[in-house]
Amino acid sequence: IDQEREGEQIDRALLKNVLGIFVEIGMGEMEFYENDFEDAMLKDTAAYYSRKASNWIVEDSCPDYMLKAEECLKKEKDRVSHYLHSSSETKLLEKVQNELLVVYTNQLLEKEHSGCRALLRDDKVEDLSRMYRLFHRIPKGLEQVANVFKQHVTEGSESNKAESSSGSQEQVFVRKVIELLDKYMAYVTDSFANNSLFHKVLKEAFEVFCNNFFAGCSSAELLASYCDNILKKGGSEKLSDDAIEETLDKVVKCLAFISDKDLFAAFYRKKLSRRLLFDKSANDDHERLILTKLKQQYGGQFTSKMEGMVTDLTLAKENQSHFQEYLSNNSAANPGIDLTVRVLTTGFWPSYKSSDLSLPVEMVKCVEVFKEFYQTKTKHRKLTWIYSLDTCNINGKFESKTIELIVGTYQAAALLLFNASDRLSYSDIKSQLNLADDDLIRLLQSLSCAKYKILTKEPSNRTVSSTDHFEFNSKFTDRMRRIRIPLPFVDERKKVVEDVDKDRRYAIDACIVRIMKSRKVLPHQQLVLECVEQLSRMFKPDFKAIKKRIEDLITRDYLERDKENPNLFKYLA
């Protein structure tokens, strides 16, 4: 056998017959074969491969060493099929694996220029596949390979984070995450045979990377912004339909690594509402497609509000056509202004600021007509008008020409005041419109300090104050016949985060009550752990937050502490 291992030709048939005698004289027992031949052969095999491995580990690179190890294992398996008894196979291969792989695991994986890190760095897919085939045979052999893979993914992600955060575009981050996920997932499927251990460490590495802040934004917000860029008209991501579908699929996979899924949902809803209300959505099918994917992955509760928003818009179109019919059948009711109203369901949409704006007479009639129409449809619903989301098209009659101005309702209401007065002070406009200072300053700034100066202001500076006076700028002109005058941007991130924090408090309360209702009595630590386990699907609750909610529920008589053991809680029915 040793001669054959060294490459000499031997008489395999003779060897098979000789070994057959050991088996035959056992009369059905393997005692003679095992004691008189196999024990010595296994001992000799271990010594042989120990000598070989000690030289190879010094002389060879990791890929060369693995090639030799794989070849040796193949040849030993051949030996069993040609002349050894089949019962020797497992024992023989274990001896070879022990001497070639188990003994030198650390040295082999950590070889400086050719170990596991180097193979991952240089994309040596074939060598990594061989490493997987060899190490998955030995107990806990894959754990060390998986740990190196995890470190490699974490380090690669961190260096890319440094590159991404230095760029001005937030989109760079998400594109990089998708690119890295594709790259590392290819290793898991191609080199590591889709092994669940490698899926697990890949998920853990990406969870660390994806739950950091980048350029002051959470990854949940960046992912929602990326979706918005893909799905809105004129977004910076110009993709074909197939590419959009594939990218949305990857976005949903990326979301799995983000612990604050509720924050993603809040930002996504906010951006979805703008796409739907301002007709910015590029394709309705794509909007429904991502909601279907999110629903499949995270359940109906995750997407119920978003689906409600899309349904609302479809119903709003039907409602508008019924309103047009109503006006054509009641010519006396027609307000003389083209009016489009969208009725939305409060629970589905993000919360919007509503105000008691004093509408101009022309608009008051529109509101009254629609209310009368809506009462013919239902008498059990209350309409709240959200003027901050409206747009109005009004004609500005300037000296040079008439220009159509596309403005918000607040801006339109302010401009229409100048039909009756040539000059108005800040306090006049405030009292006539009944607006808060914040809103009034924003709208006056957009009309007198921005690109289009429809109003002139005294004093003529770039800030609006309560002592300013305003006049209609009859000399204004522009080469366009229709212009859009936007309001200054308001950063709504803070409000979205505050709303999510409020919702989390309710979610923790409901979870604690649900657990205690079924368990009746629970120690503090177990209650906290069960609470974390149930809520971690949507967000990672803070232990301090749970403790605070428990104290709050005690004061509200949902729970009480045990008198003898203060760490034990009881549910109060």
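## Packing around helix α4

In this predicted model, the buried residues of helix α4 pack against six helical segments, namely α1 (2-5), α3 (31-59), α5 (88-102), α6 (105-109), α7 (116-121) and α8 (125-135). The residues of α4 that are buried are C62, P63, Y65, M66, A69, E70, C72, L73, E76, R79 and V80, a list that includes the charged residues E70, E76 and R79.

Helix α4 itself covers residues 62-82, and its 21 residues should span 30 Å at 1.5 Å a residue. The C-alpha atoms at its two ends are 30 Å apart, which agrees with that expectation.

## M131 in helix α8

One of the helices that the buried residues of α4 pack against is α8, and M131 has its place in this helix. With a relative accessibility of 0%, M131 counts as buried, because the cut-off for a buried residue is under 20% relative accessible area.

Leaving aside residues up to four places away in sequence, M131 touches C62, M66, L109, C116, L119 and V145. Among these partners, C62 and M66 are themselves buried residues of α4. By contrast with these contacts, M131 and V500 are separated by 46 Å from C-alpha to C-alpha, and by 369 residues in sequence.

## Salt bridges within helices

Side chains of opposite charge can pair when their charged atoms come close. Across the whole structure, a search finds 44 salt bridges, and two of the pairs described here lie within a single helix.

E126 forms a salt bridge with R130, with 4.0 Å between the closest N and O atoms. These two residues are four residues apart in helix α8, so about one helical turn separates them. The partners differ in exposure, since E126 is exposed with a relative accessible area of 59%, whereas R130 is buried with a relative accessible area of 8%.

A second pair joins E179 to K176, where the closest N and O atoms are 3.2 Å apart. Being three residues apart in helix α10 (residues 171-191), E179 and K176 are also separated by about one helical turn. E179 counts as partly exposed at 47% relative accessibility, while K176, at 19%, counts as buried. Elsewhere, salt bridges that share partners join D2, E4, R5, R12, E76 and R79 into one network, and of these residues E76 and R79 are among the buried residues of α4.

## A salt bridge between helices α9 and α11

The side chains of K150 and E204 meet in a salt bridge with an N to O distance of 2.9 Å. This pair links distant parts of the chain, with K150 in helix α9 (residues 141-166) and E204 in helix α11 (residues 196-210), 54 residues apart. Both partners count as partly exposed, K150 at 28% relative accessibility and E204 at 25%.

## The crossing of α18 and α20

Two packed helices are described by the angle between their axes and the distance between the axes. For helix α18 (residues 409-416) and helix α20 (residues 437-448), the axes come within 10 Å and cross at roughly 70°. The two helices are therefore roughly perpendicular to each other, since angles from 65 to 115 degrees fall in that class.

At this crossing, Y410, Q411, A414 and L415 in α18 meet D439, L443, S446 and L447 in α20. Sorted by class, the contact of α18 with α20 has five nonpolar, two polar and one charged residues.

Technical notes: Residues are numbered from 1 along each chain as its sequence is written. This is a predicted model: local features need pLDDT of at least 70, side-chain atom pairs count only at pLDDT 80 or more; totals for chains, interfaces and linings use all residues. Side-chain values use heavy atoms; hydrogens and water are left out. The expected span of a helix is 1.5 Å times one less than its number of residues. Buried means under 20% relative accessible area, exposed over 50%, partly exposed in between (1.4 Å probe, protein chains only). Contact means heavy atoms within 4.5 Å. Axes are lines fitted to C-alpha atoms, for helices over the stretch in contact, and angles run from 0 to 180 degrees between N-to-C directions. Angles under 35 degrees count as roughly parallel, over 145 as roughly antiparallel, 65 to 115 as roughly perpendicular and the rest as oblique.
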